[in-house]
Amino acid sequence: MHIIRPSDLSDDQLDHLLREAEHWLEHNRGADKRVDRLAGRSIVLAFFENSTRTLLSFDMAAQRLGAMVTTLPAGQSSLAKGETLIDTALTIDAMQVDALVMRHPEPGAPDTVAETIRAAVVNAGDGTGEHPTQGLLDVATIHHHFGRVDGLKVAICGDIRHSRVASSTHALLERLGADVTLAGPAALMPEGHDGADGIDDAVAGADVVMMLRIQRERLAADLGDAPGEYLARYGLTEKRFATAAPGAVIMHPGPMNRGVEILGELADSEHSLITAQVEMGVAMRMAVLDLAINEPAAVTS
Ligand code: CP
């Protein structure tokens, strides 16, 4: 099955992924990380936009499940000679791969590819569109820490307008019963959103504070903020975090801009789940690849 956005998953599949991710999280802490769940299967990773966490964790997830993994060096591919994305995808599909994990700067690119090829397409981020596996790992990290998502107050703060993480994580959090508030500078909020500039209100009493970086690569014009100004006005400072709920946690999908959207000391503090998100990323992507390739046999609700 293709996994391009959270709505591609049924409630049973979502529950299944959360359970499986917990299983793989424990499994990955053991010495022997390899199993045969995807033995003999072939997976291609095609990232047409930069990545550290998502690319590495999909690679590790596939290898730990016993699959054969091939990474397309996107910068050296024949796209540079004028080949289209669809012809590139058809070429990969003709090699009898079982899944294509793709990241692309154009929103909707994975939908176009999924309509064209036989292999399962897993969206690893499409421009300002969706990042379903980031959303899944975020809710799994929250569930692992609190034992629930339902009823938690979550503040997602920063560049909401350009963030595919905000889209996917927000959708999954609301689906699981969290109370989500979005906040950020007016220029970085979605059109018509009335939560602009409300970072202080969003963080006050929150159980989870998720900070997002400014996606300067997607901004038409510079924000014009001086160094330190963004942190003071919109970032996570000690003073702001002190207003969150007792036991509140800090999250960030990465990559972080320390001293811009988040104070570095808070990112490294005992309140931070940022490295826990990374660890969950491998576990969740194991669950996702298994579902995408083995579905529906993989789902036992
Ligand atoms: N969170 C995330 O997608 O990180 P990368 O861009 O490093 O993959």
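A pocket, in the sense used here, is an open set of grid points with protein on both sides within 12 Å along at least five of seven lines, and its lining residues have an atom within 4 Å of a point. This report applies that term to a predicted model, and then turns to a cavity, to strand pairing and to two loop residues.

## The largest pocket

The largest pocket is lined by 20 residues. Those nearest its centre are Arg-103, Arg-164, Arg-213, Gly-254 and Pro-255. Two elements, helix 2 (53–64) and helix 6 (164–175), give two or more residues to this lining. The volume of the largest pocket is about 350 Å³. Sorted by class, its lining holds four nonpolar, nine polar and seven charged residues.

Where does the largest pocket lie with respect to domain 1 and domain 2? Domain 1 (6–130 + 278–300) and domain 2 (132–274) both give residues to the lining, so the largest pocket lies between them.

## The second largest pocket

The second largest pocket holds about 210 Å³ of space. Its lining has 18 residues, and Arg-53, Pro-253, Ile-274, Gln-277 and Val-278 are the closest to its centre. At least two residues of this lining come from each of helix 2, helix 5 (132–146) and helix 11 (274–294). Helix 11 gives the most, with six residues. By class, the lining of the second largest pocket divides into nine nonpolar, seven polar and two charged residues. Domain 1 and domain 2 each provide at least three residues of the lining of the second largest pocket.

## The cavity

Empty space can be located by rolling a probe the size of a water molecule over the atoms. The structure holds one cavity of 30 Å³ or more, and the largest cavity has a volume of about 40 Å³. Its lining consists of Ala-46, Phe-48, Leu-85, Thr-88, Ala-89, Ile-92, Leu-100, Met-102 and Val-113. Helix 3 (85–94) and strand 3 each supply at least two of the lining residues. The largest share, four residues, comes from helix 3. In terms of class, eight residues of this lining are nonpolar, one is polar and none is charged.

The classes of residue in the three linings are set out below.

| Space | Nonpolar residues | Polar residues | Charged residues |
|---|---|---|---|
| Largest pocket | four residues | nine residues | seven residues |
| Second largest pocket | nine residues | seven residues | two residues |
| Largest cavity | eight residues | one residue | no residues |

## Strand 1 and its partners

Ala-46, one of the residues that line the largest cavity, also belongs to strand 1, on one side of that strand with Ser-42 and Val-44. Is strand 1 covered on one face or on both? Both faces are covered: Ser-42, Val-44 and Ala-46 on one side are buried, as are Ile-43, Leu-45 and Phe-47 on the other. Strand 1 (residues 42–47) is thus mostly covered, with six of its six residues buried.

Strand 1 runs parallel to strand 2 (residues 68–72), and five bridges join them. Within this pair, Ser-42 stands opposite Met-68. Between strand 1 and strand 2 the chain passes through helix 2, and this β-α-β crossover is right-handed. Strand 1 is also joined by five bridges to strand 3 (residues 99–104), again in the parallel sense. Leu-45 of strand 1 has Val-101 in strand 3 as its bridge partner.

## Strands 5 and 6

A parallel pair is also formed by strand 5 (residues 153–157) and strand 6 (residues 179–183), which share five bridges. Lys-153 stands opposite Asp-179 in strand 6. From strand 5 the chain crosses through helix 6 to strand 6, in a right-handed β-α-β crossover. Helix 6 is one of the elements that give two or more residues to the lining of the largest pocket.

## Two buried loop residues

The loop between helix 9 (238–241) and strand 8 (249–251) contains Ala-248. Ala-244 is found in the loop between helix 9 and strand 8 as well. Why does Ala-248 count as buried? Its relative accessible area is 5%, and buried means under 20%. Ala-244, at 12% relative accessibility, also counts as buried.

Ala-248 and His-271 are 23 residues apart along the chain, and their C-alpha atoms are separated by 6.9 Å. Ala-244 and Gly-177 are 67 residues apart in sequence, and 19 Å lies between their C-alpha atoms.

Terms used
Residues are numbered from 1 along each chain as its sequence is written. This is a predicted model: local features need pLDDT of at least 70, side-chain atom pairs count only at pLDDT 80 or more; totals for chains, interfaces and linings use all residues. Side-chain values use heavy atoms; hydrogens and water are left out. On a 1 Å grid over the protein atoms alone, a cavity is a set of points where a 1.4 Å probe fits but cannot get out, and a pocket is an open set with protein on both sides within 12 Å along at least five of seven lines; lining residues have an atom within 4 Å of a point. Grid points are joined across faces, edges and corners, and a volume is the space filled by probe spheres set on the points. Ala, Val, Leu, Ile, Met, Phe, Trp, Tyr, Cys and Pro count as nonpolar, Asp, Glu, Lys and Arg as charged, and the others, Gly among them, as polar. Domain bounds come from an automatic or database domain assignment. Buried means under 20% relative accessible area, exposed over 50%, partly exposed in between (1.4 Å probe, protein chains only). Two strands pair if DSSP finds at least two bridges between them. A crossover is right-handed if, with the strands pointing away from the viewer, the path from the first strand over the helix to the second runs clockwise.
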